[in-house]
Amino acid sequence: MSVKKIAILTSGGDCQGMNALINILVRVANERQIDVLGVMNGYKGLCQDDFIKLDNFVVENITSLGGTILKTSRYLDFKKDEVVKLGVKNLSKRKVDALIVIGGDGSFKGAMALSKFGVKIICIPATIDNDLRYTSRCLGFDTAVNNAVKYIENVEQTMEALNRGVVIEVMGRYCGDIALYCAVSTACDVIALPENPINQEELLDRVKYCIEVKKKIPVVVVAEKMFDVKEIAKILSEETNIEFKYSVVGYIQRGGSPSVADKALAMQFGVKAIELVENGIFGKALGFKDNKIFDLDLFDALNSDYNFNYELLNLFYLLNYKK
């Protein structure tokens, strides 16, 4: 069966590059004589039959915008079969032949639920957390790290001028990729992340080592959910007799224009997705590895092995801690 109409849905947390990806998907699909609908507000909009028509005019000049013009939401009711069936019904009513889902782990699980009821699915990884482990990079991750690095560098300069230490929390959910790449990019001294967790005593020991051996007031980067950074800064101040401040990078990581790397990745993902649609290949997740785009079964993507970059983490330890 030839595909005449597709729909695009962005779900979960927004990230830079989503709009760039929507732009590519629409342009390539229209060139191949495929009509495109946009689903507003993620799975919630799918169940509420909230669709808009997408064409080249609508997506013109959106590539450099952060966020997503389709909006997004976290819709917990989509875990219920009866709610999923409502989404299937709306796709059928709109005569949609295939759905392209852009998002992270939760979005992929929603796509899997739809596929079980016969919806033809292509998933594209887009999350700053970079926590879909089958792919080496998700859309939005590069920009988020660059945004966080700039923030940390600015804070570092002020702390150095005032002879203060600082504990900085970055996003990542349950994944330490942002923390790791921020730490190695900013010459930070101590890192705390879920892939190799440390307790409060170990963190204090590493801070003291930095002060006593490296003769440096440290910058500590902490992945979210690891510690209460306000409390840790207080404890470090008391234990070291050096004033420590704390800072939470927050949503600045998710906003703004996508980086060159993310724009290029969006283009690669978009072209590959439409190629699969044209060839009648569905139930797939796209990924990026060794500078190439690949696809694999959605089930395998959701159940892939952990692929955290421990080699890079070990290099950070080598440079910062005693052997």
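## Exercises on helix α8 and its salt bridges

In this predicted model, the buried residues of helix α8 are L203, L204, V207, Y209 and C210. Let's work from there.

**Exercise 1.** Find out which elements the buried residues of α8 pack against.

*Solution.* Start with the helix itself: α8 covers residues 200–212. Next, look around its buried residues: they pack against the strands β7 (190–192), β8 (219–223) and β9 (244–248), and against the helices α9 (229–240) and α12 (310–320). Finally, visit the start of α8, where a side-chain oxygen of N199 comes to within 3.1 Å of the backbone nitrogen of E201.

**Exercise 2.** Work out which parts of the chain the salt bridge between K208 and E239 ties together.

*Solution.* First check the distance: the side chains of K208 and E239 meet at 4.0 Å, N to O. Then place each partner: K208 sits in helix α8 and E239 in helix α9, so the pair ties together parts that are 31 residues apart in sequence. Last, consider accessibility. K208 has a relative accessible area of 26% and E239 one of 44%. Buried means under 20% and exposed over 50%, so each residue counts as partly exposed.

**Exercise 3.** Describe where the salt-bridge partners D105 and K109 lie.

*Solution.* Begin with the contact: the two side chains form a salt bridge at 3.2 Å, N to O. Now locate them: D105 and K109 both belong to helix α5 (residues 105–115), four residues apart, about one turn of the helix. Here is a handy rule: an α-helix has 3.6 residues a turn, so residues three or four places apart point the same way.

How values were computed. Residues numbered from 1 in each chain as written. Predicted model: local features only at pLDDT ≥ 70, side-chain atom pairs only at ≥ 80, totals over all residues. Heavy atoms only, no water. Helix = DSSP H or I, 4+ residues; strand = E, 2+ residues; numbered from the N terminus. Expected span 1.5 Å × (residues − 1). Buried < 20%, exposed > 50% of the residue type's maximum accessible area, 1.4 Å probe, protein only. Contact = heavy atoms within 4.5 Å. Polar contact = N/O pair within 3.5 Å; in protein donor to acceptor, adjacent residues only side chain to side chain.
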